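Work through the exercises below with the structure open. Try each task before reading its solution.

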Protein chains: 2
Amino acid sequence: MNRILVIGAAGMIGRKLLQKLAQGGSLSGSRIAHATLHDVVAPQPPPGAPFQVRSVASDLSLEGEADKLVAERPGVIFHLAAVVSGEAEADFEKGYRVNLDGTRQLFEAIRRVGAGYKPRVVFTSSIAVFGAPFPGAIGDEFLSAPLTSYGTQKAMAELLLSDYTRRGFFDGIGIRLPTVCVRPGKPNRAASGFFSGIIREPLNGQEAVLPVSEDVRHWHASPRAAVGFLLHAAALAGERIGPRRNLTMPGLSVTIAEQIAALRRVAGDAPARLIRREPDPAIMRIVKGWPQNFDAQRAHELGFRADASFEEIIKIYIEEEL
Amino acid sequence: MNRILVIGAAGMIGRKLLQKLAQGGSLSGSRIAHATLHDVVAPQPPPGAPFQVRSVASDLSLEGEADKLVAERPGVIFHLAAVVSGEAEADFEKGYRVNLDGTRQLFEAIRRVGAGYKPRVVFTSSIAVFGAPFPGAIGDEFLSAPLTSYGTQKAMAELLLSDYTRRGFFDGIGIRLPTVCVRPGKPNRAASGFFSGIIREPLNGQEAVLPVSEDVRHWHASPRAAVGFLLHAAALAGERIGPRRNLTMPGLSVTIAEQIAALRRVAGDAPARLIRREPDPAIMRIVKGWPQNFDAQRAHELGFRADASFEEIIKIYIEEEL
């Protein structure tokens, strides 16, 4: 492919994906000639990219905007844009407009190109498509019964992705990212923010608030692993995926206590002392409905690989950000 | 409740539901004062109804039409309207417009009423939300991985229903109907039409075409059982349902051979001789992706009841239609 399109390119994962692409200059073994980067604010081009970059800012949910983006017929489209869980819960209409309508406008725009145009579409879904009660480890045949509007919107987009793929309008793959940890920068409005905060803030000499108890178990992947998933998804042969186009990505299932123990092993005792326990019933209630562990068999078989340990996840943060 | 709204009231299930309501005059133990019947063509009022009836024809997917229907704040809303599977597959845009956008417009209209308005919404979903490969019997935690656009649209509407219920906009319950058999009247555009056709046509002295082999197993309920599901769903206490608002209805798992044997037992050998085997590779391929058997445990526990046998299903057709 010569052209790629990255929607949500100004977000954390988008920026890291583009850095990686700029380093190598190729995707799935083909040289990238041109990348269009889209977001609600114009994304920064990655430094030193050996391909042409065009930055576009628009509202994808508006009629006609997605058509402009796919008019150049990019061979691979990464759709990473989303209103995060906390915001989609706080602003019902915005969540549906961006996460559902925006995604549908994109899929429809691709369909309308027609004339044999059939790009690979890599869509970032989320483990938020699952809602409690859960089995010990959630397998590939477990139902999507989300307990948030964000999870609902992602689950609906997954269904669209499979149907548009089945109908031959594009070649889609949806990847359900674990909670990405350690997120760099400031907290975003995701209710899951503290999973990164309790590592990131202490490593930067700042106090972090832990709003849940230490026995809370959750499913994590580093930003580096997440970018690896995206690149692997872009390159996978469609026939290998089959009709079920949405895959739970591998990850690490760890408790908060295990996160903190890993932090001590990597950075000594001082940072961990900056974690202040301040139970928040609202966040505890939300987190209780979240998955804790998965058996990501299909993704494993298709070659997706998780981080080796939570220590590695912390070291990746230190290496990339500090 | 005093007011009810039936969307899709001109369809077969809608008409039978209204006949039943007209006979009793009440729903969930309350007298019905007024029923609004909606469809794309104005539905016939049920004969002898002891309540006021208003018939409305409009396109529910158009902005503002659903708002008119919910303005009178019906206490129970039955949403039965859908473009059937064959048509949704043949006309991609129409399927999404009616089955997804129409449903969403209805849900949004209810949300916009606000001011504490919180009707019971009974939504007819379908076992088409499931796609092969299947376990021996599909349980309540099996994923929705539809292999048709119709199934995709129903699965998306189910997700919306759960989220709107969780957010408190209404009190929804989605019921996944088995294939309804024996459908009276002319074949519709559903690919499943032959399951009824091989019983109905012979009982009316006409030839029927069987496009699949006799070992095909499928999941059935009579129109009478389906109406029973709707009435039971309207009356169920919301707290008993929990956050997963969509339920696979109980049914009967029988093969085509068992259907034909039941026909012989009920009506002798003559009708069965009118079944002409004419394998249709296109229909065989579609049917291969359909579910064969379920373990509808949650629905059983909530008091939904299937037909006793396929003979009973045939006798119900004879009693009601011949």
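**Exercise 1. A backbone outlier in chain A**

Is A:Arg73 buried, partly exposed or exposed, going by its C-beta neighbours inside 10 Å?

Solution. This is a predicted model. Start with the cut-offs: a residue is buried at 20 or more other C-beta atoms within 10 Å, and exposed at 12 or fewer. A:Arg73 has 16 such neighbours, so it counts as partly exposed. Next, place it in the chain. A:Arg73 sits in the loop between α2 (65–70) and β6 (76–79) of chain A. Finally, check the backbone. Phi of A:Arg73 is near 55°, a positive value, and the residue is not a glycine. Most residues other than glycine have a negative phi.

**Exercise 2. Backbone checks in chain B**

Find the loop that holds B:Ser28 and describe the residue's phi.

Solution. B:Ser28 belongs to the loop between β2 (26–27) and β3 (30–31) of chain B. Its phi is positive, about 55°, although B:Ser28 is not a glycine. With 15 C-beta neighbours inside 10 Å, B:Ser28 is partly exposed.

Now turn to the peptide bonds. The bond from B:Ala132 to B:Pro133 is cis, with omega near 0°. B:Pro133 is in the loop between β7 (120–126) and α5 of chain B. In chain A, the bond from A:Ala132 to A:Pro133 is likewise cis, with omega near 0°. A:Pro133 lies in the loop between β7 (120–126) and α5 (149–166) of chain A. Most peptide bonds are trans.

**Exercise 3. Strands around β1 of chain B**

Trace the pairing from β1(B) to β4(B), β5(B) and β6(B).

Solution. Begin at β1 (residues 3–7) of chain B. Four of its five residues are buried, so the strand is largely enclosed by the rest of the structure. On to its partners. β1(B) runs parallel to β4 (residues 34–39), joined by five bridges. Two residue pairs fix the register: B:Ile4 has B:Ala35 as its bridge partner, and B:Ile7 has B:His38. β1(B) also runs parallel to β6 (residues 76–79), through four bridges. Here B:Ile4 stands opposite B:Val76.

Step out to β4(B). Five of its six residues are buried, so β4(B) too is largely enclosed. β4(B) pairs with β5 (residues 52–57) in the parallel sense over six bridges. B:Leu37 has B:Ser55 as its bridge partner in β5(B).

**Exercise 4. A three-stranded sheet**

Which strands stand at the edges of the sheet β9-β11-β13 in chain B?

Solution. The order is β9-β11-β13, the sheet is open, and the pairing is mixed. β9 (179–180) and β13 (252–255) stand at the edges: each has a single partner strand, so one side of each lacks a neighbour in the sheet. β9(B) and β11 (residues 217–221) pair in the parallel sense over two bridges. B:Val180 stands opposite B:Ala221 there.

**Exercise 5. Helix α7 and the core**

Why does the end-to-end distance of helix α7 of chain B agree with its length?

Solution. Helix α7 covers residues 223–235, 13 residues in total. At 1.5 Å a residue it should span 18 Å; the end C-alpha atoms are 19 Å apart, which agrees. The buried residues of α7(B) include B:Leu230, B:Ala233 and B:Ala234. Beyond its neighbours within four places in sequence, B:Val122 is in contact with these three residues, and also with others including B:Val76 and B:Ile173. B:Val122 is also among the residues that touch the most other members of the largest nonpolar core, which has 188 residues.

**Exercise 6. The two copies**

How is chain B related to chain A, and what does each give to the contact?

Solution. Superpose first. A turn of 180° and a shift of 0.0 Å along the axis lay chain B on chain A with an RMSD of 0.0 Å. The copies are therefore related as by a two-fold rotation axis. In chain B, the C-alpha nearest the axis belongs to B:Leu143, 1.9 Å away. The same surface serves both copies: 100% of the contact residues of chain B recur in chain A.

Now count the contact. Chain B gives 19 residues and chain A gives 19 residues. Helix α5 (residues 149–166) of chain B gives the most to its side, with eight residues. By class, the chain B side has nine nonpolar, five polar and five charged residues.

Conventions:
Residues are numbered from 1 along each chain as its sequence is written. Chains are lettered from A and ligands numbered from 1 in the order in which they are written. This is a predicted model: local features need pLDDT of at least 70, side-chain atom pairs count only at pLDDT 80 or more; totals for chains, interfaces and linings use all residues. The expected span of a helix is 1.5 Å times one less than its number of residues. A nonpolar core is a set of buried Ala, Val, Leu, Ile, Met, Phe, Trp, Tyr and Cys residues joined through C-beta atoms within 7 Å. Two residues are in contact if their C-beta atoms, placed from the backbone, lie within 7 Å. Ala, Val, Leu, Ile, Met, Phe, Trp, Tyr, Cys and Pro count as nonpolar, Asp, Glu, Lys and Arg as charged, and the others, Gly among them, as polar. Copies are superposed by least squares on the C-alpha atoms of residues with pLDDT of at least 70 in both. Two strands pair if DSSP finds at least two bridges between them.
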